[in-house]
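Let's take a quick walk through this structure, starting with the sheet and ending at one lysine.

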Amino acid sequence: MSTEVSDIRARNRQTQQAMEAAAVLARIQTEFPDNPAGMRYFYDLFQKTYCEQSAPHGKPVIGTTCVQIPEELIYALDAVPVRLCNGTYAFDQAGAEFMPTKSCSLVKATLGFLNQELPAHLQGMRQVINATTCDQKTKAGQIIEQMGYEVHHLEVPRSKDSEQARDYWRHSVAQTARFLEQATHRKLTRRGLRTAIGKVARAQQAFRRLHALRREKPSVVYGKDVFLITNGYFFDDIDRWTEALEALNQELEERIQKGINAAPKRAPRILFTGSPPVFPNLKLPLVIEQAGGVIVADETCSSNRMLYDAVGVDEWFLYDMVDAVADRHLKPCTCPIFSSNIDRQRRLLELARSFEVDGVVYQAFAGCQVYEIEQQSVTAALTEAGVPSLYVETDYSPDDLGQLTTRVEAFLESLRSRRRRKRQ
């Protein structure tokens with residue numbers, strides 16, 4: 001294929017991404033009443049980044065492919081972490097050049113996105129940290145290298161319960177720190193890492209405040225807005241993101257005092273889990289909430305799992321802090337890659353109880369084997385606890401939208417009927 005033809009196709013895909021993003025943003029803003037004023041920052045952020053050309057960061061950019069990658073180390077070296085996970089159907093199609101057709105849409109879309117001229121906010125990015133979580137992400141790292149990027153493979157253990165696994169992981173994180181020092185031509189310092197831990201902790205504190213506000217009945221915020229907020233954390237300036245979320249939290253608390261709700265009082269309360277909603281692929285969350293449900297909690301690596309757990313430091317010495325950062329990204333993680341994952345079932349049941357959910361929607365991207373396999377054990381645990389669930393296998397294609405809508409509407413109606421029976 002000639003360079004000219006390749007460039008034309010890349011521009012077409014960028015145009016398609018902008019169109020997909022604009023359509024989703026329009027649904028989020030116009031098809032739901034009375035959006036909080038504080039969401040304007042986040043709506044504009046995605047408009048500028050996906051539909052227009054946002055400005056470069058002005059600092060070295062390190063691409064990341066997973067929530068497992070310790071962003072604190074990147075901030076400590078005065079660089080910017082940008083998560084490269086992509087939710088665009090056009091790039092999913094482009095990524096089929098590198099992966100089998102039945103592969104995970106997220107992995108294919110990420111590869112399709114990277115195999116082009118990068119947008120303005122990623123200009124100059126040459127280093128990528130790829131976590132060896134699932135098999136597809138592991139092989140994707142090799143493909144990204146072949147595209148010309150310098151890739152560091154962050155090796156993730158298949159267990160998190162043993163001391164050997166913890167030592168292995170700490171060693172992997174220490175190697176990542178050395179890679180980042182070489183990439184940024186800076187030295188990791190005690191002061192820099194302590195400042196970075198504090199910066200991330202402030203963002204986490206703002207998120208945990210939002211997380212707590214989602215417990216309100218009736219719900220004060222839609223899940224579609226929460227997923228947009230947390231997806232913004234992928235690429236936004238962390239300080240601006242945190243300030244915007246703090247302002248939104250204040251507004252939501254004022255709305256609670258005034259009795260202003262986001263969703264109707266009788267809207268079924270949904271816990272969302274499984275393969276992560278990555279903008280602009282918010283297909284299933286939007287179907288749920290446009291059908292009359294409200295997502296009040298989630299257990300995904302593009303939202304709750306990404307920001308919920310904080311670093312716990314005993315001694316503020318450099319190597320102690322590096323180990324603490326490593327522990328933060330392993331111990332609480334409920335990713336289904338691990339050989340034993342009772343923690344994930346426990347976490348889901350705790351969320352279902354504390355948020356008083358009516359049901360759980362479990363999304364698995366077709367070809368995402370770890371989520372597809374674990375669905376059975378999770379469903380069994382939910383059934384035993386008396387929590388209804390809906391398993392949805394889908395991908396980035398819009399072709400199944402009608403079928404999804406029918407299934408979700410039927411599930412929500414079953415939850416309403418169940419609630420009515422309980423009142424009798």
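## The sheet

Keep in mind that you're looking at a predicted model. Its four strands line up as an open sheet in the order 2-1-3-4, with parallel pairing. At the edges you'll find strand 2 (80–83) and strand 4 (150–155); each has a single partner strand, so one side of each is left without a neighbour in the sheet. Go from one strand to its neighbour and the turn is 30° on average, ignoring direction.

Now for a pair inside that order. Strand 1 (residues 61–64) and strand 3 (residues 127–132) run parallel, and three bridges join them. If you want a spot to click on, try Ile62, which stands opposite Gln127 in strand 3.

## A helix across the strands

Next, pick out helix 7, residues 163–184. This helix lies across strand 1, strand 3 and strand 4, and its direction makes an angle of about 160° with strand 4.

## A lysine in helix 5

Is Lys108 buried or exposed? You'll find Lys108 in helix 5, which covers residues 105–114. Its relative accessible area is 7%, which is under the 20% cut-off, so Lys108 counts as buried.

What does the side chain of Lys108 reach? The answer is the backbone oxygen of Thr101, at 2.9 Å. Thr101 also turns up among the residues in contact with Lys108 once neighbours within four places in sequence are set aside. The others on that list are Phe91, Asp92, Gly95, Ala96, Met99, Pro100 and Ser103.

Terms used: Residues numbered from 1 in each chain as written. Predicted model: local features only at pLDDT ≥ 70, side-chain atom pairs only at ≥ 80, totals over all residues. Heavy atoms only, no water. Pairing = 2+ DSSP bridges. Helix = DSSP H or I, 4+ residues; strand = E, 2+ residues; numbered from the N terminus. Axes fitted to C-alpha atoms, helices over the stretch in contact; angles between N-to-C directions. Contact = heavy atoms within 4.5 Å. Buried < 20%, exposed > 50% of the residue type's maximum accessible area, 1.4 Å probe, protein only. Polar contact = N/O pair within 3.5 Å; in protein donor to acceptor, adjacent residues only side chain to side chain.
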